[in-house]
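Okay, thanks for coming, everyone. I'll put the sequence and the model up, and then I'll talk you through a few places in it.

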Amino acid sequence: MAKAKRTIFDKLNTALFWKDTRITTGDPYTEVREYDFSSYYPEDDYICDMELPTENVFDIRSFGAVANDENFDNAPYINKAIEAASETGGTVLIAGGDYTSTTVFLQSNVTLFIERGSSIIANTTGEGYQNKTLVYGESLENITITGGGKLKGNGHLFGRKPVYEENITKPADYIDVIEMRQEYRKQLRFAHQSKYGSPIVLVNCKNVKAHNFIIENSAYWTFRMDKCDTVEIKDFVINNNRNVANADGFDMVGSSNVLIEHCFVSTADDGVCIKNAVWEGCNSECKNITVRNCEIISRTNSVKIGTETTHDISNITIENCKLFMTDVYPGTVSAIALEAVDGTKLSNVTITNIEADRCSCPLFIRLGNRNRAAIVNGQSARAIEFGEKAEKSGIADKNQFDMKSEISNILVENLSAREVEIPIMICGFKQKGKIKRVKNVLLKNINLELSQVHDTVDKRLFIPEYAKEYPEANRFRNLPSYALFIRHAENVQIENLKCSKKETWKKERYIKDLRND
């Protein structure tokens, strides 16, 4: 547990023996514990009752579906209804209860309408699923998901028992980022090999609409969009168990022209995540994504852009969002994380009007050189997330993405953050005698209210580059500053930054190797 000061012994122990907590043995742990789900859950602010469709409707009960029987697989009957609806551009109606199912396959020009109070729900075994998903669509056009109902993932059934018997509901006596990282991980349900996958996966789909809908209790990435184009998601809720490891909210993988508006997300892993990796099958730029008017609760990063990404990402807008944590400790790792460590060029990101509360790091901008494509392929990149062993094989030549990552042209304006524990971080890197800098960042109207919990004294002789490590704000451990940490950057402008005061051994700013015109 965190204490007032880290001793020489503590530092040596961390340097020589420290490892991230991860449970890799044991049976599935099925208990839902208090505070696994957020107590703040504003469903009625996002979801409304809708009149049932009456024209060109294909009711799954007419095809043999049976509600409220967890031992009955409704997938064949739902899929028959979808096939019939695709011939006329019709609506598939799911009403009258919960329909246990293996994989449902969407088709073009079909509306999936799940009535509020009804659902498609994953079975309790994790068996029988294709493409690692409950609902799947590939190479489709003009699909709509709506109705106010749910996809239920039963995600809590497919992880192992956490180290801690209960969720942590009180802050630590001291802020120690090393302990903070471990405290979070000791509450997680890491994957059992029975984990089946996501509630919904769309691949190479165009003109997708998802309105007035709920996904609940995901086992993995909740709403995954691979190489999709022209997607509109509005009035949407994701409400997950906040301790199911790797349960992201929205994942856009190589997708472009996406709008996520007026959505509520509560989840264990990243709330909104934008990726573009060669091992995920991506081969072109990802661009034109807007996230606005959303509330996001995440135990890791509320919004994360660029992680595990080899191809370029540009023209991203995040605006008018509330990013926060309720009930449990530690809080969210980062409110906004912008990352480029595997070859991507991340550029032209605009972030405005953001409220962050109990997000340890308000803003994390990280340029590095992990070069992951040289050591993983499509199987090994995700193996550990399904409790599997990874193949030893890279998908790209070691030089293809080496030292290629860039971050430039970032605007962050009107960011207000409470209970700050880690400073705003803007970090390039030095590796093998070469320096690469984050370029052209404007921070404007930034207000930081620091946590008044005392900081563990941890005066370090030097701060490693961590250029090859997975990018995360808490990876840098205890830093010597509380408002700004900037290293290896170019043209960083700061206009009107306000920061509250606290009794601490730290200084307000740590700035090293910053080149401004």
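I'll go through a strand, a helix, the biggest pocket, and then a handful of single residues. Before anything else, keep in mind that this is a predicted model.

Let's start with strand S11, residues 198-203. How many of its residues are buried? That would be 6 of the 6, so the strand is largely enclosed by the rest of the structure. On one side of the pairing list we have S7, residues 133-138, which runs parallel to S11 and is joined to it by 5 bridges. S11 also pairs with S13, residues 223-226, again in the parallel sense, over 4 bridges. If you want one residue to click on, take leucine 202. Its bridge partner in S7 is glycine 137, and in S13 the partner is methionine 225.

Next, helix H3, which covers residues 75-86. It has 12 residues and spans 16 Å from the first C-alpha to the last, close to the 16 Å you'd expect at 1.5 Å a residue. Now, which residues of H3 are buried? The list is Ala75, Ile78, Asn79, Ala81, Ile82, Ala84 and Ala85. Remember that an α-helix has 3.6 residues a turn, so residues three or four places apart point the same way. Look at that list again with the spacing in mind. And what do those buried residues pack against? Strands, namely S1 (57-59), S2 (91-94), S3 (98-101), S4 (104-105) and S6 (119-122).

Okay, the pocket, which I guess is what most of you came for. The largest pocket holds about 1000 Å³ of space. There are 40 residues in its lining, and the ones nearest the centre are Glu308, Arg370, Arg372, Tyr470 and Arg475. As for secondary structure, the elements that give two or more residues to this lining are helix H4 (177-185) and strand S20 (301-305). H4 has the largest share, with 3 residues. How does the lining divide by residue type? We get 20 charged, 11 nonpolar and 9 polar. If you're thinking about setting up a calculation in there, that's the split to have in your head.

Since S20 just came up, let's stop at valine 303, which is in that strand. Buried or exposed? At 1% relative accessibility, valine 303 counts as buried. Setting aside residues up to four places away in sequence, valine 303 touches Val272, Ile296, Ile318, Leu323, Ala335, Ile336 and Ala337. For a distance to check on screen, the C-alpha atoms of valine 303 and arginine 358 are separated by 14 Å, with their positions 55 residues apart along the chain.

Now over to alanine 467, which sits in the loop between S30 (454-455) and S31 (481-499). It's a loop residue, but alanine 467 is buried, with a relative accessible area of 7%. What is it in contact with, beyond its neighbours within four places in sequence? Those would be Arg366, Gly368, Asn369, Arg370, Phe429 and Gln431. And yes, Arg370 is one of the residues nearest the centre of the largest pocket.

Leucine 442 is in strand S29, residues 438-450. At 24% relative accessibility, leucine 442 counts as partly exposed. Leaving out neighbours within four places, its contacts are Ile410, Leu411, Val412, Gln493 and Glu495. From leucine 442 to asparagine 409 is 8.0 Å, C-alpha to C-alpha, and 33 residues in sequence.

Last bit: backbone oddities. Most residues other than glycine have a negative phi, and most peptide bonds are trans. So where do we look here? Tyrosine 329 and proline 330 are joined by a cis peptide bond, with omega at about -5°. Proline 330 is in the loop between S21 (313-324) and S22 (332-340).

Then there are two positive phi values. Asparagine 257, in strand S16 (residues 256-267), has phi near 60°. Asparagine 257 is partly exposed, with a relative accessible area of 32%. Aspartate 513 has phi near 60° too, and it is in strand S32, residues 507-515. At 23% relative accessibility, aspartate 513 counts as partly exposed.

That's my tour, so over to you.

Technical notes: Residues are numbered from 1 along each chain as its sequence is written. This is a predicted model: local features need pLDDT of at least 70, side-chain atom pairs count only at pLDDT 80 or more; totals for chains, interfaces and linings use all residues. Side-chain values use heavy atoms; hydrogens and water are left out. Buried means under 20% relative accessible area, exposed over 50%, partly exposed in between (1.4 Å probe, protein chains only). Two strands pair if DSSP finds at least two bridges between them. On a 1 Å grid over the protein atoms alone, a cavity is a set of points where a 1.4 Å probe fits but cannot get out, and a pocket is an open set with protein on both sides within 12 Å along at least five of seven lines; lining residues have an atom within 4 Å of a point. Grid points are joined across faces, edges and corners, and a volume is the space filled by probe spheres set on the points. Ala, Val, Leu, Ile, Met, Phe, Trp, Tyr, Cys and Pro count as nonpolar, Asp, Glu, Lys and Arg as charged, and the others, Gly among them, as polar. The expected span of a helix is 1.5 Å times one less than its number of residues. Contact means heavy atoms within 4.5 Å.
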